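Open the model in your viewer and keep the sequence panel beside it, since this tour moves from one selection to the next. At each stop, make the selection yourself before reading on.

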Amino acid sequence: MRLNGKTAHVTGAGAGIGRAIALRFAREGARVLVTDVDGDAAGRTAEAIRAAGGIAMEHTADVRDVNAINTALDAAEAAYGGLDIQVSNAATKARQPFLDMTPAFWRDVLEINLTGVFLVGQAAARRMVKHGRGGRIINVASNSGIFGGRGRAAYGASKAGVINLTQTMAIELAEHGILVNAVGPGPTQVDDPPQPLMPSVAARMPLKRFGQPEEIAAAALFLASDDCSFVTGQVLMADGGFTTAGIMEG
Ligand SMILES: NC(=O)c1ccc[n+]([C@@H]2O[C@H](COP(=O)([O-])OP(=O)(O)OC[C@H]3O[C@@H](n4cnc5c(N)ncnc54)[C@H](O)[C@@H]3O)[C@@H](O)[C@H]2O)c1
């Protein structure tokens, strides 16, 4: 029960990694605000938490809509008390070849993946500052924010932006006792049915397999827990070694 008595908000928690983070944080004793642009999916995650004996509420909220996010945060604070942990996970993973990429596509990806992390992070941080008991903000980055990837001009740029935003938030929020870090998933198995890992990816990855959403949640849990008391502005890559691998043979 490493998050006993804490209130946590997870965006994009209706599916995949966000859902796994919400379920794990609840198992560790947190009261969880589950938000997602897909309200039914958010409801399923919150219901799964409640069915397992945990505490959760769901709200439909697009991370681009700060009013909807604040409405959800108001409800959680009224029910659970002040916010302690913000996980900004929601993103689109849409890809398009660079030469064909439209300005509308580019803006859409940046608006959800980067501006969304800014808007939600600012709304959460303002509440944490007001309550005066510090907090944790965990932004979900990606291996694509570290190196280039085909079709990922907008996605990769958004995730590189998330990493830099994490560093600046860490600097500016430190005086308020708020630690800001990112977790950087590598290829993680969220598809149903599961897809095989591309051989070209496996060839560059020491662990040579997909990560499971629960393994990303475990890394996020460390960043949210009291064990993480002297770490801020970092990216914890949970990626099977993908971003650190160089020469893999010989
Ligand atoms: N799965 C991977 O291989 C992988 C790898 C690296 C990074 N990531 C990152 O992990 C995070 C979660 O990815 P995932 O694989 O679980 O994705 P997913 O597509 O399975 O789930 C994303 C969730 O976010 C929600 N969402 C999308 N747009 C939203 C918006 N505008 N506002 C609110 N909610 C929104 C979706 O409805 C969905 O429930 C993302 O930030 C993604 O970039 C994933």
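Which residues are buried in α7? Select this helix in what is a predicted model, and you will find that P213, I216, A217, A219, A220, L221, L223 and A224 are the buried ones. These residues of α7 pack against α1, β4 (85-88), β5, β6 and β7, so it helps to show those elements alongside the helix when you cite their packing to yourself. If you place a distance between the end C-alpha atoms of α7, you should read 16 Å for its 12 residues, close to the 16 Å expected at 1.5 Å a residue.

**The whole protein**

Now zoom out and colour by secondary structure, which shows 7 helices and 7 strands. Followed along the sequence, these elements run in the pattern β-α-β-α-β-α-β-α-β-α-β-α-α-β. The C-alpha atoms fill a box of roughly 55 × 40 × 40 Å, taken along the principal axes. A compact globule of 250 residues would have a radius of gyration near 18 Å, and the 17 Å of this protein agrees with that. Buried residues make up 47% of the 250 residues. Among contacts between residues at least 6 apart in sequence, 71% join residues at least 24 apart.

**Strand β1 and T7**

For an example of two residues separated in sequence, select T7, which lies in strand β1 (residues 7-10). T7 counts as buried because it has 25 C-beta neighbours inside 10 Å. Add L83 to the selection: T7 and L83 are 76 residues apart in sequence, yet their C-alpha atoms are 5.2 Å apart in space. Leaving aside residues up to four places away in sequence, T7 touches A30, R31, A76, Y80, G81, G82, L83 and D84.

**Helix α2**

Next, select helix α2 (residues 39-51), whose 13 residues should span 18 Å at 1.5 Å a residue, and whose end C-alpha atoms are indeed 18 Å apart. Its buried residues are A41, A42, T45, A46 and I49. They cover an arc of only 135 degrees around the axis, which puts them on the same side of α2. An α-helix has 3.6 residues a turn, so residues three or four places apart point the same way. Turn the model to view the other side of α2, where D40 and A51 are exposed. To see what the buried residues of α2 pack against, show α1 (16-27), β2 (31-36) and β3 (55-60). Just after the helix, stop at G53, which takes a positive phi of about 95 degrees.

**Helix α3 and helix α5**

Where should you look for an exposed residue to set beside these? Select A79 in helix α3 (residues 66-80), which counts as exposed because it has 12 C-beta neighbours inside 10 Å. From A79, draw a distance to S158, and you will find the two C-alpha atoms 33 Å apart in space, with their positions 79 residues apart in sequence.

S158 is one of the buried residues of α5, together with A154, Y155, G156, K159, V162, L165, T166, M169 and L173. Helix α5 (residues 153-173) has 21 residues and reaches 30 Å from its first C-alpha to its last, close to the 30 Å expected at 1.5 Å a residue. The elements covering its buried residues include α4, β5 (135-140), β6 (178-185) and β7 (235-238).

**Around the ligand**

Move now to the ligand and select the 27 residues around it, of which G12, G16, A90, A91 and S142 come nearest. The elements that give two or more residues to this shell are α1 and α4 (103-131), and α1 gives the most, with 3 residues. By class, the shell holds 12 nonpolar, 10 polar and 5 charged residues.

**Two loops to finish**

In the loop between β6 and α6 (199-202), select P193, and inspect the peptide bond leading to it from D192, which is cis, with omega near 5 degrees. Then go on to the loop between α6 and α7 (213-224), where K208 is found. Phi of K208 is near 50 degrees, a positive value in a residue other than glycine. K208 counts as partly exposed because it has 15 C-beta neighbours inside 10 Å.

Key. Residues are numbered from 1 along each chain as its sequence is written. This is a predicted model: local features need pLDDT of at least 70, side-chain atom pairs count only at pLDDT 80 or more; totals for chains, interfaces and linings use all residues. Helices (H or I, at least four residues) and strands (E, at least two) are DSSP runs, numbered from the N terminus. The expected span of a helix is 1.5 Å times one less than its number of residues. A residue is buried if 20 or more other C-beta atoms lie within 10 Å of its own, exposed if 12 or fewer, and partly exposed in between; C-beta atoms are placed from the backbone. The arc is that of the directions from the helix axis to the C-beta atoms. Two residues are in contact if their C-beta atoms, placed from the backbone, lie within 7 Å. A residue is near a molecule or strand if its C-beta atom, placed from the backbone, lies within 6 Å of it. Ala, Val, Leu, Ile, Met, Phe, Trp, Tyr, Cys and Pro count as nonpolar, Asp, Glu, Lys and Arg as charged, and the others, Gly among them, as polar. The radius of gyration is taken over C-alpha atoms; the globule rule is 2.2 Å times the number of residues to the power 0.38.
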